[in-house]
Amino acid sequence: MIGNFSWTHLIYLAQSIWWTLLLSLIAFLLGSIGGFGIMLARISPRRWLRLPALLYIESIQGIPLLILLFIVYYGLSVYGFALPALVAAGLAMMVYTSAYLGDIWRGCVEAMPKPQWEAAECLSLTRWQTLRLVIIPQALRLSLPPTVGFLVQVIKMTSLASVIGFVELTRAGQIINNSIFQPFLIFSLVGAFYFALCYPLSRWSEAMENKLNVGNR
Amino acid sequence: MSFSLHFSDLLPYWPVFLEGAWLTLKMTGVAVVVGVSVGTLVAFAKRGRRKWLSKACSVYIDAVRNTPFLVQLFLLYFGLASLGIHMPTFAAAVLAMIINIAAYAAEIIRAGLEAVPRGQIEAAECLGLSRWRIGWHVMLQPSIEKVYPALTSQFLLMMQASAMASQISAEELTAIANTVQSDTFRSLETYIVVACLYLALSLLVKLLAWGLGEYFFRRRRAIRRAAAQAGRKQPGPAAADATVIGAGKRRTT
């Protein structure tokens with residue numbers, strides 16, 4: 001063995017959690033703004049808005065995040081746009097997240113009963129008012145569990161940013177492993193850290209789902 | 001700085017790309033078939049009466065679902081190698097995919113099993129069916145029929161996750177893209193081509209899954225036709241359920 005796992009390494013790993021969390025937060029916030037727009041376009045009565053949104057969702061969902069990352073990071077750098085790893089990762093994950101969130105939220109909005117729309121129309125609310133005052137508050141309740149569940153996925157997906165050299169949890173694990181080569185221990189630890197981040201969220205999402213179902217029954 | 005795309009440089013590489021795509025498809029195929037079989041067993045074991053077994057199954061499912069695939073891959077390939085178990089890259093990648101998809105499939109199938117009405121199982125017991133036949137005919141088949149859209153989207157996600165196998169240098173589509181782009185210095189074009197190939201692959205998988213679904217679940221078709229003949233449109237609540245389940249399942253990845 002070249003060296004042993006020490007407290008310094010553990011502290012280094014723990015610190016890199018912040019970068020994972022920061023990247024998740026950026027991806028989730030930007031992605032939810034984008035996803036909201038996609039959702040609006042997807043349920044719009046205008047065909048020329050609906051179709052491109054559908055195309056966007058379908059194509060992004062068909063491409064691995066890794067390839068999106070490569071396109072943004074390596075692809076653009078060839079043409080002189082040398083992006084910092086954090087920006088590139090944030091951008092790629094925003095695109096990816098917005099497609100998935102848009103689709104999840106569309107499902108929730110469309111699950112709202114049709115009479116809700118009709119009733120709002122009878123009150124002569126405009127389309128935007130209907131969405132804002134009637135549909136979205138109800139859809140929000142329905143969309144909360146899958147959205148939190150997706151947040152878990154976003155946290156896990158940030159591990160891919162290690163590929164383009166962004167030092168988050170996985171990358172920190174790789175760096176330590178390169179110096180002391182104890183992959184089993186280190187990657188178990190990295191996995192344990194991810195688990196500690198994701199498991200509470202998963203349980204929360206599950207609990208909300210159960211509560212919601214009881215309410216609906 | 002000129003911003004023009006040159007795809008012509010990539011033309012000589014098309015057999016390499018196709019081979020990578022084929023390998024990706026093959027890996028996904030093996031992982032899906034074995035993974036779903038294992039997942040089914042895990043789903044039944046989790047519902048089973050043996051406490052320790054069902055506990056072990058939930059630990060496995062939670063552990064896999066709450067850690068990134070990349071870390072699992074590293075743990076399996078580098079970690080086991082340091083413990084003395086050496087695997088070829090492909091075996092490690094496929095094994096990681098199997099372990100991953102089995103956990104997700106188990107959870108999806110379990111949701112389907114939970115949805116089987118208690119009364120149907122009791123009815124089957126009254127008819128004197130054996131436990132195995134109840135498990136197969138009354139519980140498993142209808143629940144797979146119900147959850148197979150969710151399973152399909154899981155397979156698609158798995159196909160995309162296989163891109164990460166390039167990180168342990170298994171020569172699938174993404175790894176090939178990396179070598180091609182370092183050969184030609186046309187990284188943007190290469191990755192756009194590969195993105196299109198992945199899109200084509202996922203369309204293919206979707207088509208395949210749809211075709212298999214139509215073939216295996218003929219009952220669905222019969223129900224649909226009956227509903228159309230009765231003058232109703234598509235069964236409304238069922239369709240709404242499907243979208244909600246789809247949205248719900250997608251998040252669990």
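Reader: Over residues 53-75 of chain A, how much of the chain is helix, and how far apart are the end C-alpha atoms?

Author: In this predicted model, residues 53-75 of chain A are 91% helix and 0% strand, and the C-alpha atoms at the two ends lie 24 Å apart.

Reader: And what about residues 17-41 of chain A?

Author: That span is 100% helix and 0% strand, with its end C-alpha atoms 35 Å apart. According to UniProt, in an unreviewed entry, residues 17-41 and 53-75 of chain A are among the stretches given as "transmembrane region", and the record also places that feature at 81-102, 148-167 and 179-201.

Reader: Switching to chain B, which residues does UniProt list for "domain: ABC transmembrane type-1"?

Author: The unreviewed entry lists residues 21-209 of chain B under that name, and over those residues the chain is 83% helix and 0% strand, while the end C-alpha atoms are 18 Å apart.

Reader: How many cavities does the structure hold, counting those of 30 Å³ or more?

Author: There are 2 cavities of 30 Å³ or more, and the largest of them encloses about 350 Å³ of space.

Reader: Which residues lie nearest the centre of the largest cavity?

Author: Of the 23 residues that line the largest cavity, A:M157, B:F69, B:L157, B:A161 and B:M164 lie nearest its centre. The elements that each give two or more residues to this lining are helix 3 (65-78) and helix 6 (127-157) of chain A, along with helix 3 (69-82), helix 4 (89-114) and helix 6 (131-161) of chain B.

Reader: Which helix gives the most to that lining, and how do the residues divide into nonpolar, polar and charged?

Author: Helix 6 of chain B gives the most, with 5 residues, and the lining as a whole divides into 15 nonpolar, 7 polar and 1 charged.

Reader: New topic: how many salt bridges are there over all chains?

Author: The count comes to 11 salt bridges over all chains. In chain A, the side chains of A:R106 and A:D103 meet in one, at 3.2 Å from N to O, and A:R106 also forms a salt bridge with A:E110, where the closest N and O atoms are 2.8 Å apart.

Reader: Where do those partners sit along helix 4 of chain A?

Author: A:R106 and A:D103 both belong to helix 4 (residues 85-110) of chain A and are 3 residues apart, about one turn of the helix, whereas A:E110 and A:R106, in that helix as well, are 4 residues apart, again about one turn.

Reader: Why does A:R106 count as buried, and what about its two partners?

Author: A:R106 counts as buried because its relative accessibility is 14%, under the 20% limit. A:D103 is also buried, with a relative accessible area of 12%, but A:E110, at 45%, is partly exposed.

Reader: Which salt bridges are there in chain B?

Author: Among them is the one between B:E122 and B:R118, with the closest N and O atoms 3.7 Å apart; both residues lie in helix 5 (residues 118-126) of chain B, 4 residues apart, and B:E122 is partly exposed at 38% relative accessibility. There is also a network of salt bridges that links B:K46, B:R47, B:E107, B:R110 and B:E114.

Reader: Last one, on cysteines: how many disulfides does the structure hold, and are A:C108 and B:C196 buried or partly exposed?

Author: The structure holds 0 disulfides over all chains. A:C108 is buried, with a relative accessible area of 4%, whereas B:C196 is partly exposed, with a relative accessible area of 45%.

Notes
Residues numbered from 1 in each chain as written. Chains lettered and ligands numbered in written order. Predicted model: local features only at pLDDT ≥ 70, side-chain atom pairs only at ≥ 80, totals over all residues. Heavy atoms only, no water. 1 Å grid on protein atoms, 1.4 Å probe; cavity = no way out; pocket = protein on both sides within 12 Å on 5 of 7 lines; lining within 4 Å. Points joined across faces, edges and corners; volume = space filled by probe spheres on them. Nonpolar A, V, L, I, M, F, W, Y, C, P; charged D, E, K, R; others polar. Disulfide = S-S within 2.5 Å. Buried < 20%, exposed > 50% of the residue type's maximum accessible area, 1.4 Å probe, protein only. UniProt positions renumbered as here; feature names shortened; annotations may be inferred. Salt bridge = Lys/Arg side-chain N within 4 Å of Asp/Glu carboxyl O.
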